[in-house]
Amino acid sequence: MSSNYRLLVKNAKQVVLICSNGEKYMTKHAMQNLCVIENGSVVIGSDGLIKAVGPAETIRAQYPETSFEKVIDATGMCVLPGLVDAHTHPVWAGDRVHEFAMKLAGATYMDVHRAGGGIHFTVEHTRAAGSSELLASLSSRLTRMQRAGTTLVECKSGYGLELQTELKMLEVIEEARRKLPINISSTYCGAHAVPKGKTVAEATKDILQVQLPRLKQQMSAGSLRVDNIDVFCEQGVFDLSSTRSILQAGKDMGLNINFHGDELHPMNSAQLGAELGALAISHLEEVTDEGIAAMATARTAAVLLPTTAYILRLPQPRARDMLDAGVIVALGSDFNPNAYCCSMPIVMHLACVNMRMSMLEALAAATINAAYALGRSHTHGSLEVNKHGDLLILNTTRWEHLIYQLGGHQELIRYVVIKGNIVFYKTILLT
């Protein structure tokens with residue numbers, strides 16, 4: 001007879017719940033007061049959901065004769081919720097390592113873009129790639145993210161810029177969702193750039209009259225599940241008017257608005273997003289005071305991407321101003337050919353050093369708030385009863401080491417668990 005319980009993680013030095021009262025996000029002082037249990041245990045049921053979390057003695061008393069499929073003795077270790085990466089572009093062919101040299105020599109993002117590189121370079125290679133090639137590379141990248149502690153990841157299309165390739169990318173994301181244990185939030189980003197030879201008006205018309213109707217058809221038929229809609233609102237890309245039209249059309253289809261805004265120029269994207277009821281806006285390196293206030297009022301999450309500002313040598317997003325104003329601050333890796341980072345622990349480290357977030361704030365931003373930005377904080381982002389049993393077990397007695405040790409996650413993460421199943425395990429070699 002099969003057990004009703006999939007996993008017991010017992011006797012952990014620390015269990016970091018993040019929150020314990022069903023909070024959907026955290027702001028201001030709450031982010032400095034995360035819920036941590038010393039000497040705790042976690043029980044995950046056969047359905048993959050958390051059944052109990054609390055002091056080890058309490059859990060032991062509640063489940064005295066219970067049979068578990070797997071038991072992990074976490075003595076001397078720390079347990080955290082699985083990390084959530086709220087912004088990635090992981091489906092593409094052809095790397096851009098040559099452009100990194102150009103940027104180091106002083107070329108700006110838009111310099112590279114205008115020279116035919118950047119997004120357009122990746123579009124050319126992604127259009128030419130077959131679905132099997134794209135799935136293989138996506139699977140490899142998601143596995144790397146998983147080993148670094150990510151258990152829920154947002155995945156965008158956007159390197160097609162025309163119907164067939166955008167659908168191909170979304171179908172590859174859907175296939176990965178079916179085959180891999182990692183949780184995926186899928187985003188249609190057909191407005192990632194204006195295709196060569198088209199005007200903004202022509203590109204917008206194609207998205208509104210060709211791409212979105214076909215996407216709606218595929219979603220209604222059940223062949224595709226898409227969660228969010230994204231637009232790159234920027235000078236020389238999609239202006240406020242076209243951005244508004246595309247985002248509203250996506251919202252009318254039932255998609256969450258989750259878009260790129262105020263990255264290179266202050267476009268008033270934050271105000272637009274707040275007005276449209278956006279779930280999240282990413283980048284925001286050039287957000288205004290008015291935009292910050294609008295996002296705080298609208299409960300629109302700010303998905304900050306410290307890797308992008310670091311690699312492109314941009315001004316850092318104003319994390320402290322946003323936090324002080326009560327904005328829901330989340331984090332993402334922005335994994336893409338321009339910002340090649342699979343590791344949310346490194347993202348959190350950069351957020352602390354370069355954006356002056358505390359370690360507590362960074363962890364909340366990479367768990368419950370990132371889950372909120374994807375509309376998933378009712379199921380992910382904290383260790384609470386009835387949420388998904390997604391967690392990390394760290395081979396250290398203080399959870400802060402995951403952020404403190406730059407690049408140290410490869411040694412620190414002992415287990416990665418998704419829905420109670422161990423999806424990564426690091427053997428400790430005895431010397």
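1. A quick term before we start: two residues are in contact here when they have heavy atoms within 4.5 Å. Keep in mind, too, that this is a predicted model. With that in hand, take Leu412, which sits in helix α17, residues 409–412. Leu412 touches Ile393, Leu394, Asn395, Thr396, His401, Leu402 and Gln405, leaving out residues up to four places away in sequence. Its relative accessible area is 5%, so Leu412 is buried. There is also a long-range link to look at: the C-alpha atoms of Leu412 and Arg147 are 11 Å from each other, with the two positions 265 residues apart along the chain.

2. Thr151 is another residue worth clicking on. You'll find Thr151 in strand β7, which covers residues 150–156. Is Thr151 buried or exposed? Thr151 counts as buried, because its relative accessibility is 1%. Setting aside neighbours within four places in sequence, Thr151 is in contact with Gly82, Leu83, Ile182, Asn183, Asp390, Val416, Val417 and Ile418.

3. Now for the helix pairs. Two packed helices are described by the angle between their axes and the distance between the axes. Start with α5 (residues 131–147) and α6 (residues 163–179): they pack at about 50°, and their axes are 9 Å apart. That makes α5 and α6 oblique to each other, and their crossing is right-handed. On the α5 side the contact is made by Ser131, Leu134, Leu135, Leu138 and Leu142, and on the α6 side by Lys168, Val172, Ile173, Glu175, Ala176 and Lys179. Sorted by class, this contact of α5 with α6 has seven nonpolar, one polar and three charged residues.

4. Helix α6 also packs on α7, which spans residues 200–221: the axes of α6 and α7 come within 10 Å and cross at roughly 35°. This crossing of α6 and α7 is right-handed. Which residues make the contact? From α6 they are Leu163, Gln164, Glu166, Leu167, Leu170 and Glu171, and from α7 they are Val210, Gln211, Arg214, Leu215 and Gln218. By class, the contact of α6 with α7 splits into five nonpolar, three polar and three charged residues.

5. Helix α9 (residues 269–276) deserves its own point. Six of its eight residues are buried, so α9 is largely enclosed by the rest of the structure. The buried ones are Ser269, Ala270, Leu272, Gly273, Ala274 and Leu276. What covers the buried residues of α9? The cover includes α8 (240–252), β10 (256–261), β11 (280–283) and α10. If you follow the chain on, Gly277 comes just after α9 and takes a positive phi of about 75°.

6. Staying with α9, look at how α8 packs on it. The axes of α8 and α9 come within 11 Å and cross at roughly 30°, so these two helices are roughly parallel to each other. The crossing of α8 past α9 is right-handed. In this contact, α8 supplies Leu240, Thr243, Arg244, Leu247, Gln248 and Lys251, while α9 supplies Ser269, Leu272, Glu275 and Leu276. The contact of α8 with α9 divides into four nonpolar, three polar and three charged residues.

7. A backbone check next. Arg299 has a positive phi of about 60° although it is not a glycine. Where is Arg299? Arg299 lies in the loop between α10 (289–298) and β12 (301–304), and at 32% relative accessibility it counts as partly exposed. Lys419 is also not a glycine, and has a positive phi of about 50°. Lys419 belongs to the loop between β15 (413–418) and β16 (421–425), and its relative accessibility of 29% makes it partly exposed.

8. Last, the cysteines. How many disulfides are there? The count comes to zero. A disulfide needs a pair of cysteine sulfur atoms within 2.5 Å. The sulfur of Cys19 has its closest cysteine sulfur in Cys35, 8.2 Å away, so the two are too far for a bond. The surroundings of the two can be read from their accessibility: Cys19 counts as buried at 2% relative accessibility, whereas Cys35 is partly exposed, with a relative accessible area of 23%.

Terms used: Residues are numbered from 1 along each chain as its sequence is written. This is a predicted model: local features need pLDDT of at least 70, side-chain atom pairs count only at pLDDT 80 or more; totals for chains, interfaces and linings use all residues. Side-chain values use heavy atoms; hydrogens and water are left out. Axes are lines fitted to C-alpha atoms, for helices over the stretch in contact, and angles run from 0 to 180 degrees between N-to-C directions. Helices (H or I, at least four residues) and strands (E, at least two) are DSSP runs, numbered from the N terminus. Angles under 35 degrees count as roughly parallel, over 145 as roughly antiparallel, 65 to 115 as roughly perpendicular and the rest as oblique. A crossing is left-handed if the near helix is turned anticlockwise from the far one by less than a right angle, and right-handed if clockwise. Ala, Val, Leu, Ile, Met, Phe, Trp, Tyr, Cys and Pro count as nonpolar, Asp, Glu, Lys and Arg as charged, and the others, Gly among them, as polar. Buried means under 20% relative accessible area, exposed over 50%, partly exposed in between (1.4 Å probe, protein chains only).
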